[in-house]
Amino acid sequence: MGARTGPVIITFLILLAIFALMWWGWRGRLRRQAGVAHLPAIPADAGPPALSVAGQYVTTTSAGDWLDRIAVHGLGIRTNATLELRSTGVLLIRKGAPEIYIAAAAIDDVGTAAGMAGKFVERDGLVVITWTLGGKLVDTGFRTTEATAKKPLLQALKALAPAQAETPTTERPDADTRRKNDENE
């Protein structure tokens, strides 16, 4: 045995231990999340896509906790994907992972974020859909391939979401236009 054999073996054993701990942690997360509902089936009446955007499925996390990745049902796998906006909801067609269907009625909110569970980009670089999976509120992140596709996608998603459509957007008048001053009275 040479002088380098010992350090190489020790390095290999340390790396093996790190990977074993990562695997053990992932298996533990899968066990803890066993109660998360299965992904909904794609309805037969979903219709053709009204809008199709290429990009990357980032992850699904517990709503409001961008580090609590949902690992079950393949939701923790980052893949290239196509987001299709249908008349009844959103379909994420992922490469190498199960498709995700989000019914329009399940969508709670639509917004943007700078990052989620291991993927961080520029400010407002991710489209985040907050929706109900079973009884659990979750956030699903999607990054468009082309930056110009993000704004039309956000507008279409907000129009589809029932919670977004019910809240009227009213402009707040400037304080100066509502206030009277001594000269105007």
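Hi everyone, let me start with contacts, meaning heavy atoms within 4.5 Å. Among contacts in this chain between residues at least 6 apart in sequence, 61% join residues at least 24 apart. Before going on, a word on the source: this is a predicted model, where local features need pLDDT of at least 70 and side-chain atom pairs count only at pLDDT 80 or more, while totals for chains, interfaces and linings use all residues. Residues are numbered from 1 along each chain as its sequence is written, and side-chain values use heavy atoms, with hydrogens and water left out.

Now the overall layout. The chain has four helices and nine strands; these are DSSP runs, with helices being H or I of at least four residues and strands E of at least two, numbered from the N terminus. Along the sequence the pattern reads α-β-β-β-β-β-β-β-β-β-α-α-α. Of the 185 residues, 35% count as buried, that is, under 20% relative accessible area, with exposed over 50% and partly exposed in between, using a 1.4 Å probe and protein chains only. The chain exposes about 11600 Å², and carbon and sulfur atoms supply 57% of that; the areas come from the Shrake-Rupley method with a 1.4 Å probe, and for residues only the protein chains shown count as cover.

On to the sheet. It is an open sheet of seven strands in the order 4-3-2-1-9-8-5, with antiparallel pairing; two strands pair if DSSP finds at least two bridges between them. Strand 4 (100-103) and strand 5 (107-113) stand at the edges with a single partner strand each, so one side of each has no neighbour in the sheet. On average, neighbouring strands here are turned by 30° against each other, direction ignored. Axes are lines fitted to C-alpha atoms, for helices over the stretch in contact, and angles run from 0 to 180 degrees between N-to-C directions.

Let's stop at strand 3, residues 89-94. Five of its six residues are buried. Strand 3 pairs with strand 2 through five antiparallel bridges, and Thr82 stands opposite Ile93 there. These two strands form a hairpin with three residues between them. On the strand 4 side, the antiparallel pairing runs over four bridges, with Val90 opposite Ile102. That hairpin has five residues between its strands, and Gly96 in the turn has a positive phi of about 80°.

What lies across strand 1, strand 2, strand 3, strand 5, strand 8 and strand 9? Helix 2, residues 150-160, does, running at about 160° to strand 5. Its buried residues are Lys150, Leu153, Leu154, Ala156, Leu157 and Leu160. They cover an arc of only 165° around the axis, so they sit on the same side of helix 2; the arc is that of the directions from the helix axis to the C-beta atoms. The face turned away from that buried side carries exposed Lys151 and Ala159.

Finally, charges. A salt bridge here is a side-chain nitrogen of Lys or Arg within 4 Å of a carboxyl oxygen of Asp or Glu, and the count comes to two. In one, Glu84 meets Arg86 with the closest N and O atoms 2.3 Å apart, and both residues are buried. In the other, Arg143 meets Glu122 at 3.2 Å, N to O. Arg143 lies in strand 9 and Glu122 in the loop between strand 7 and strand 8, so the pair ties together parts 21 residues apart in sequence. Arg143 is partly exposed at 23% relative accessible area, and Glu122 is partly exposed at 42%. Thanks for listening!
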